[in-house]
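Got the structure open? Let's take a look at how its pieces fit together.

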There are 2 protein chains.
Amino acid sequence: MRRLIFLLVTAALIAGVFVTMTAKARAGHADGGAAPYVTTMPPGYRDWKFISVAHEEAGLNSFSAVLGNDVAIKAYRARTLPYPDGTIIVALHYSFVPSEENDKVFGKPQSFVAGAPTNVQFMIKDSKKYAVTGGWGFGHFKDGKPADATFMQPCFPCHALDKNDDMVFTHYAP
Amino acid sequence: MRRLIFLLVTAALIAGVFVTMTAKARAGHADGGAAPYVTTMPPGYRDWKFISVAHEEAGLNSFSAVLGNDVAIKAYRARTLPYPDGTIIVALHYSFVPSEENDKVFGKPQSFVAGAPTNVQFMIKDSKKYAVTGGWGFGHFKDGKPADATFMQPCFPCHALDKNDDMVFTHYAP
């Protein structure tokens, strides 16, 4: 019986948290004020400094370059954790494609380059605005348009698994 | 007989060109003035703007990020060809390694990241200083130290194959 009560209470708590988060997400998405995810692209990100590169296989087949604004770069280089408010990290994603042009020069198939851009993702640190998602606002933009609340839901729980790096997977490439 | 004379003259010309180039290379390497390859790393390159990413398989197994100084970025974005004097392009090379940390989160092996840095390469446009190598000075640095003249010899003939892009293989990733 105790176990059943415990389970019911737990279920109610989870449901409550979910409803609260969803309500906040809706409100945030609507008024753009307290959004738990990012709905506007920070300007100038394509000019930011380089953090590192990554490649994901499986269904993603993506090639990414991760850049940071000045606050991010300073924090990365000084190994400041948690990242301070104002940190913005952007991942530019492209398709991962073989380069016929380079392979011709090398004389064998070996070269892969960035193909068409697929999406742009952001992590913005604002411990008040994004308090419900660990202080980070997550953003995903395809053709300049933000993803919706449902699409954004897995970002926080997945990044939250990386407890040692304040939820940031990408390490700085020297 | 005519053919023999032609061959001898050709051989002499090739030898002459080679000796001249070698002499210039030696002089350049020694005094740093007219070097046909780059022996000093341009300062501040790690803060330059992002051009694109690449991955080379085969023996290289490299992950690279290509950055450019302001002259390079302006030329890339405006599609200015040939690249103007003052253009500097840098390729930061790392080993291409699987990320156990990311794979754990994804639940399957799919993620590759930048491992240890391997070398840093430069292309510097200076149509006078590097006239004998198409206006480009090539540089290769391992642990901050420049490669020697023998190591640098294949750079120019290989890049010269890319006639449509003023010898620059990397395209701009939007």
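Here is a short tour, from the way the chains meet to the inside of chain B.

This is a predicted model, in which local features need pLDDT of at least 70, side-chain atom pairs count only at pLDDT 80 or more, and totals for chains, interfaces and linings use all residues. Residues are numbered from 1 along each chain as its sequence is written, while chains are lettered from A and ligands numbered from 1 in the order in which they are written.

**How the chains meet**

- The contact uses 29 residues of chain A and 28 residues of chain B, where two residues touch if their C-beta atoms, placed from the backbone, lie within 7 Å.
- On the chain A side, two or more residues each come from strands S2 (49–56), S3 (62–68) and S5 (111–125) and from helix H3 (100–106); helices (H or I, at least four residues) and strands (E, at least two) are DSSP runs, numbered from the N terminus.
- S2(A) gives the largest share of that side, with 7 residues.
- S2(A) also pairs with strand S4 of chain B (residues 111–125), antiparallel and over 3 bridges; pairing takes at least two bridges found by DSSP.
- In that pairing, A:Ala54 sits opposite B:Val113.

**Symmetry**

- A turn of 180° and a shift of 0.0 Å along the axis lay chain A on chain B with an RMSD of 0.0 Å, using least squares on the C-alpha atoms of residues with pLDDT of at least 70 in both.
- That is how a two-fold axis relates things.
- The copies meet through the same surface, because 97% of the interface residues of chain A are also interface residues in chain B.

**The strands of chain B**

- All 7 of the 7 residues of S2(B) are buried, so this strand is largely enclosed by the rest of the structure; buried means 20 or more other C-beta atoms within 10 Å of a residue's own, with C-beta atoms placed from the backbone.
- S2(B) is covered on both faces, with B:Val66 among the residues on one side and B:Phe63 among those on the other.
- S1(B) and S2(B) run antiparallel, joined by 7 bridges, and B:Glu56 stands opposite B:Ser62.
- S2(B) pairs with S3(B) too, antiparallel over 7 bridges, and there B:Val66 has B:Ala91 as its bridge partner.

**Helix H2 of chain B**

- Buried residues in H2(B) (residues 70–78) are B:Ala72, B:Ile73, B:Ala75 and B:Tyr76.
- These fall within an arc of 165° (taken from the directions from the helix axis to the C-beta atoms), so they line one face of the helix.
- Their cover includes strands S1 (49–56), S2 (62–68) and S3 (88–98) of chain B.
- Just after H2(B), B:Arg79 has a positive phi of about 55°.

Conventions: Buried ≥ 20, exposed ≤ 12 C-beta atoms within 10 Å, placed from the backbone.
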